[in-house]
Amino acid sequence: MTKQVFPEDFLWGGAVAANQVEGAYLEGGKGLSTVDLLPFGPNRMSLMKGRVDSLVPDPNEFYPSHEAIDFYHRYKEDTALFAEMGFKALRVSIAWARIFPNGNDETPNEEGLQFYDDLFDELLKNSIQPVVTIAHFDVPVHLVEQYGSWRSRELVSFFETYAKTLFVRYKNKVKYWMTFNEINMLLHLPFIGAGLVFKEGENKKQIQYQAAHHQLVASALAVKACHEIIPDAKIGCMLAAGSTYPYTCNPDDVLKGMEMDRESFFFIDVQSRGEYPGYAKRFFKDHNLTVQMEDEDESLLKEHTVDYIGFSYYASRAMSTDQEILNNMTDGNVFASVENPYLEKSEWGWTIDPKGFRITANQLHDRYQKPLFVVENGLGAVDEVNEHGEINDHYRIDYLKKHIEQMAEAIKDGVELIGYTSWGPIDLVSASSGEMKKRYGYIYVEKDNEGGGSMKRIKKKSFDWYKKVIETNGQVL
Ligand code: BG6
């Protein structure tokens, strides 16, 4: 038993995203989402980067989001398991195309709205706070076809209408909101992050930063609406975080590391500090980028900044200017990083760095001086069911324990933390690979990469472990 470090009202729980758990991809009046076009297999990555030939599912491909883990129909039994672990919060996302099947319909789809009403009621009945991401890697396909998705300014008002609809409907049920999941992902996987599809020869950077501006304005408008409609709610941004270490103390390496961090911080600087930082303006100038802005944008961004900084942390990154070192990049994560010789990696090549969690949390605290919310962290690993039907995921317990210890250190450093929702408390579809085999859960789902399996839920060893962590408010790890 360690000393009490976590605040009494700390929000322990888990995080999922609509497209990775719900399934029922065309049920209940839902329209097609960008993520519904991402197959399992070798074609997935290039699509996520924006090389998309067709906006219709190919009958010869297998699309994991179409059924996912069928949370749409099984949310009650899954919620019962989360409640058994003592969850205080569950982070979910709303599928835009469930509410507005085309993204810009005149009226929202009542069946979609009702589904989330029922889900929130079920959570609240079990004393679990819903923490809601408004957009987690999905855009209604119609908006891609019609407007080129976030490259068009029109998306701003469609998103604003969508967000307002949610605030009005769920104002008595949801008090924690987030606008865009991992908003900086737009620069790495633009189809996933913003529904962007590129034509041959287009200036991708130009399009990405224009789309980023639209999302930033849309985010500010959502913050404004949230504060007006639900004055007692908190609304945050969400960063795919992970500090970049310079490979050596050579100032060139340090500068490159700083620039890499700023590529991500750019988004949060705007969302939290309310203005484009000087380094971004210089970057646009140096790269001949012109971001179109409207007159009111500057004041909108300034006046409607976020209440807290949500972030995911899986790994730190490392950067060098030495070509030889650069030949040795990590292959797993979508964020470019050279191999860090001091650290181990997961089966998917993601660096494991618990201390980096403390470093990242401190860096965000120093920079923004706002409460932080850890809304994703976890280990994707292969789990085996043994002959007794048990899953002994001690490696996951080890990973989480070390990260939670470092989170406690960050709190002792003075970092203000609202909560910790680990990623995928129940096994779900991997965003980057589309696999089921890459599992994060405390609850196993019997389903394989190709879509076969009974979907049965089985508690892993980590289930009871996490239950104890929550019960003791992080004192027993
Ligand atoms: C984050 C996303 O990037 O990492 C999640 O917000 C995602 O949607 C998670 O699932 C883990 O990544 P992956 O690729 O292992 O599923």
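Glutamate 182 is buried, with a relative accessible area of 8%. In this predicted model, glutamate 182 sits in the loop that runs between strand S4 (176-180) and helix H8 (190-194). Glutamate 182 is also one of the closest residues to the ligand, and that makes it a good place to start a tour. From here we can look at the ligand and its surroundings, then at backbone angles, buried polar contacts and a few long-range distances.

**The ligand and its surroundings**

- How many residues surround the ligand? There are 14 of them, and the closest are Glu182, Ala431, Ser432, Lys438 and Tyr440.
- The shell around the ligand is a mixture: six of its residues are nonpolar, five are polar and three are charged.
- Histidine 136 reaches the ligand through its side chain, where an N or O atom is 2.9 Å from an oxygen atom of the ligand.
- Tryptophan 423 also takes part, with a polar side-chain atom 3.3 Å from an oxygen atom of the ligand.
- Alanine 431 approaches through its backbone instead: one of its backbone N or O atoms lies 2.7 Å from an oxygen atom of the ligand.
- Taken alone, the ligand exposes 380 Å², and the protein buries 96% of that.
- Which cavity does the ligand take up? The space it fills is the largest cavity.

**Unusual backbone angles**

- As background, most residues other than glycine have a negative phi.
- Glutamate 182 has a positive phi, near 35°, although it is a residue other than glycine.
- Alanine 24 is another non-glycine residue with a positive phi, in this case about 45°.
- Where is alanine 24 found? Look in the loop between helix H1 (18-21) and H2.
- Is alanine 24 buried or exposed? Alanine 24 counts as buried because its relative accessible area is 9%, under the 20% cut-off.

**Aspartate 269 and its partners**

- Aspartate 269 belongs to helix H10, which covers residues 251-273.
- With a relative accessible area of 1%, aspartate 269 is buried.
- Which side chains does aspartate 269 contact? One is that of tyrosine 279, joined to the aspartate 269 side chain by a polar contact of 2.7 Å.
- Arginine 367 is another partner, and here the side chains of aspartate 269 and arginine 367 make a polar contact of 2.8 Å.

**Glutamate 376 and its partners**

- Glutamate 376 is in strand S11, made up of residues 372-376.
- Why does glutamate 376 count as buried? The reason is its relative accessibility of 4%, which falls under the 20% cut-off.
- The side chain of glutamate 376 makes a polar contact of 2.9 Å with the side chain of arginine 91.
- A polar contact of 2.6 Å links the side chain of glutamate 376 to that of tyrosine 314.

**Sequence separation and distance in space**

- Proline 57 lies in the loop between helix H2 (44-48) and helix H3 (71-84), and it is partly exposed at a relative accessible area of 25%.
- From proline 57 to glycine 452 there are 395 residues in sequence, while their C-alpha atoms are 20 Å apart in space.
- Lysine 345 is part of strand S9 (residues 344-345) and counts as partly exposed, with 37% relative accessibility.
- How far is lysine 345 from leucine 400, C-alpha to C-alpha? The separation is 14 Å, and the two residues are 55 residues apart along the chain.
- Leucine 300 sits in helix H12 (residues 297-303) and is buried, with a relative accessible area of 12%.
- Leucine 300 and valine 139 are 161 residues apart in sequence, with 23 Å between their C-alpha atoms.
- Valine 144 is in helix H6 (residues 141-147) and is buried, with a relative accessible area of 9%.
- Between the C-alpha atoms of valine 144 and serine 337 there are 31 Å, for a sequence separation of 193 residues.

Conventions. Residues numbered from 1 in each chain as written. Predicted model: local features only at pLDDT ≥ 70, side-chain atom pairs only at ≥ 80, totals over all residues. Heavy atoms only, no water. Near = heavy atom within 4 Å. Polar contact = N/O pair within 3.5 Å; in protein donor to acceptor, adjacent residues only side chain to side chain. Areas by Shrake-Rupley, 256 points an atom, 1.4 Å probe, with all protein chains shown as cover. 1 Å grid on protein atoms, 1.4 Å probe; cavity = no way out; pocket = protein on both sides within 12 Å on 5 of 7 lines; lining within 4 Å. Sits in = over half its atoms within 2 Å of the grid points. Nonpolar A, V, L, I, M, F, W, Y, C, P; charged D, E, K, R; others polar. Helix = DSSP H or I, 4+ residues; strand = E, 2+ residues; numbered from the N terminus. Buried < 20%, exposed > 50% of the residue type's maximum accessible area, 1.4 Å probe, protein only.
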